[in-house]
Amino acid sequence: ASQVLAREWLRIAPPLPWVLHSGYTDAIAVESEAVRSYCASEGLPINKLVVTGSVAHDVLAEALKQAHQRRSDLCDKLKLPCDRPMILSALPPDSLYMTGGRPECEFQKYDELVEFWVRSLTAIKGHNIVLCLHPSVSYEEMRYIEEWGVRIARESTVRLIPLCDIFVAAISATIQWAIACAKPVINYDVYRYGYQDYASATGVIRVDGKEEFLAVLQRITEDRAYYDELVGHQVACAGQWGQLDGRAGQRLLQLFDRLVDENMHTGGPRCKLEQTAESAQDS
């Protein structure tokens with residue numbers, strides 16, 4: 001509230017105060033056509049939304065080229081059999097610590113959530129279960145869960161997604177990377193925020209309850225036809241969520257050059273540039 005008051009008082013509030021990235025920039029670099037459409041639907045000026053991709057897309061592109069060897073190396077490192085399909089899961093961060101918690105959530109304690117999440121995954125037979133941790137959590141804090149049959153990978157999530165067969169996450173920005181790589185996704189909205197960011201990607205299955213999560217896990221790992229159908233959905237829309245040509249960094253630099261050049265020649269004010277939150281974090 002104090003920030004809102006100060007910005008309004010000083011007349012530096014953004015044009016759309018409740019919309020992320022609203023401001024006075026000359027350009028907003030976005031990851032994909034899907035994100036561009038989403039931002040436009042939120043009211044951001046479409047002429048300022050420039051699809052560049054993010055540096056993470058170049059990492060994905062490189063990892064996809066070497067996926068077979070990298071996956072074999074990962075299995076050796078984690079002491080997992082190389083002949084099994086791999087489920088990669090991004091363990092959600094703790095959102096129950098806040099005052100009031102999340103009354104909508106089926107879990108009252110984060111430890112309970114973690115145990116259900118991990119044991120549900122390890123109940124799936126014939127698959128390697130690999131977890132990547134949220135940046136807010138250390139390996140030392142969570143290494144005890146490996147006793148339940150999972151392995152925690154120390155590599156970044158963006159380098160692991162191209163190696164998996166199924167990706168499981170909770171309303172994470174990393175889901176867009178999995179779509180771009182044509183990986184079927186289970187989006188377990190465990191905190192029940194109800195975000196619809198990935199509603200257009202039909203290879204992303206959204207669930208928000210324990211029983212539904214277990215049922216989808218079982219089906220996607222046991223019903224080959226269903227799994228192949230989800231892969232097909234992801235392939236069909238992958239290009240909308242990321243252009244994995246290895247040239248995203250180049251497009252970002254070209255955008256910088258264009259903005260600088262335009263402002264130098266027009267004698268206009270110093271240009272301003274924003275990236276969406278995911279891109280800025282990736283960079």
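This report walks through a predicted model, from its sheet to its helices, rings and cysteines.

## The sheet

Six strands make up an open sheet. Their order is β5-β4-β3-β6-β7-β8, and they pair in parallel. The edges are β5 (151–152) and β8 (204–207), each of which pairs on one side only. Strands of a sheet pair through backbone hydrogen bonds, either parallel or antiparallel.

How many bridges join β7 and β8? Strand β7 covers residues 185–188, and four bridges tie it to β8 in the parallel sense. Asparagine 187 faces arginine 206 of β8.

## Helix α5

Helix α5 runs over residues 110–122, with 13 residues. From first C-alpha to last it reaches 18 Å, close to the 18 Å expected at 1.5 Å a residue.

Which residues of α5 are buried? They are Tyr110, Leu113, Val114, Phe116, Trp117, Val118, Ser120, Leu121 and Thr122. An α-helix has 3.6 residues a turn, so residues three or four places apart point the same way. The cover over the buried residues of α5 includes strands β3 (86–90), β4 (128–132), β6 (166–169) and β7. It also includes the helices α6 (139–142) and α9 (210–222).

## Rings around α5

Phe116 and Trp117, both buried residues of α5, belong to a cluster of rings. Ring pairs link them with Phe107, Tyr188 and Phe213. Phenylalanine 116 has a charged partner too: lysine 210 lies over its face, at 5.7 Å from the ring centre.

## Aromatic pairs elsewhere

The model has nine aromatic pairs. One of them joins tyrosine 144 and tryptophan 148. Their ring centres are 5.6 Å apart and their planes stand at 90°, so this pair is edge-to-face. Tyrosine 144 is partly exposed, with a relative accessible area of 30%. Tryptophan 148 is buried, at 19%.

Tyrosine 198 and tryptophan 241 form a tilted pair, with 5.5 Å between centres and 45° between planes. Where do these two residues lie? Tyrosine 198 is in the loop between β7 and β8, while tryptophan 241 is in helix α10 (residues 224–241). They are 43 residues apart, and the pair links distant parts of the chain. Tyrosine 198 counts as buried at 11% relative accessibility. Tryptophan 241 is buried as well, at 5%.

## Two arginines

Arginine 154 has its charged end over the ring of tyrosine 139, 4.0 Å from the ring centre.

Arginine 251 sits in helix α11 (residues 248–266). Is arginine 251 buried or exposed? Its relative accessibility is 17%, so it counts as buried, the cut-off being under 20%. Leaving aside neighbours within four places in sequence, arginine 251 is in contact with Val51, Thr52, Gln243 and Asp245.

## Cysteines without disulfides

The structure holds zero disulfides. Cysteine 39 is in none, and the nearest cysteine sulfur, in cysteine 237, is 17 Å away. Cysteine 39 is buried, at 7% relative accessibility.

Why does cysteine 181 have no bond to cysteine 164? The sulfur of cysteine 164 is the closest cysteine sulfur to that of cysteine 181, but the 8.1 Å between them is too far for a bond. A disulfide needs the two sulfur atoms within 2.5 Å. Cysteine 181 is buried too, with a relative accessibility of 10%.

Notes:
Residues are numbered from 1 along each chain as its sequence is written. This is a predicted model: local features need pLDDT of at least 70, side-chain atom pairs count only at pLDDT 80 or more; totals for chains, interfaces and linings use all residues. Side-chain values use heavy atoms; hydrogens and water are left out. Buried means under 20% relative accessible area, exposed over 50%, partly exposed in between (1.4 Å probe, protein chains only). Contact means heavy atoms within 4.5 Å. Two strands pair if DSSP finds at least two bridges between them. The expected span of a helix is 1.5 Å times one less than its number of residues. Rings of Phe, Tyr and Trp (its six-membered ring) pair if their centres lie within 6.5 Å; planes under 30 degrees apart count as stacked, over 60 as edge-to-face and the rest as tilted. A charge sits over a ring if NZ of Lys or CZ of Arg is within 6 Å of the ring centre and within 35 degrees of the ring normal.
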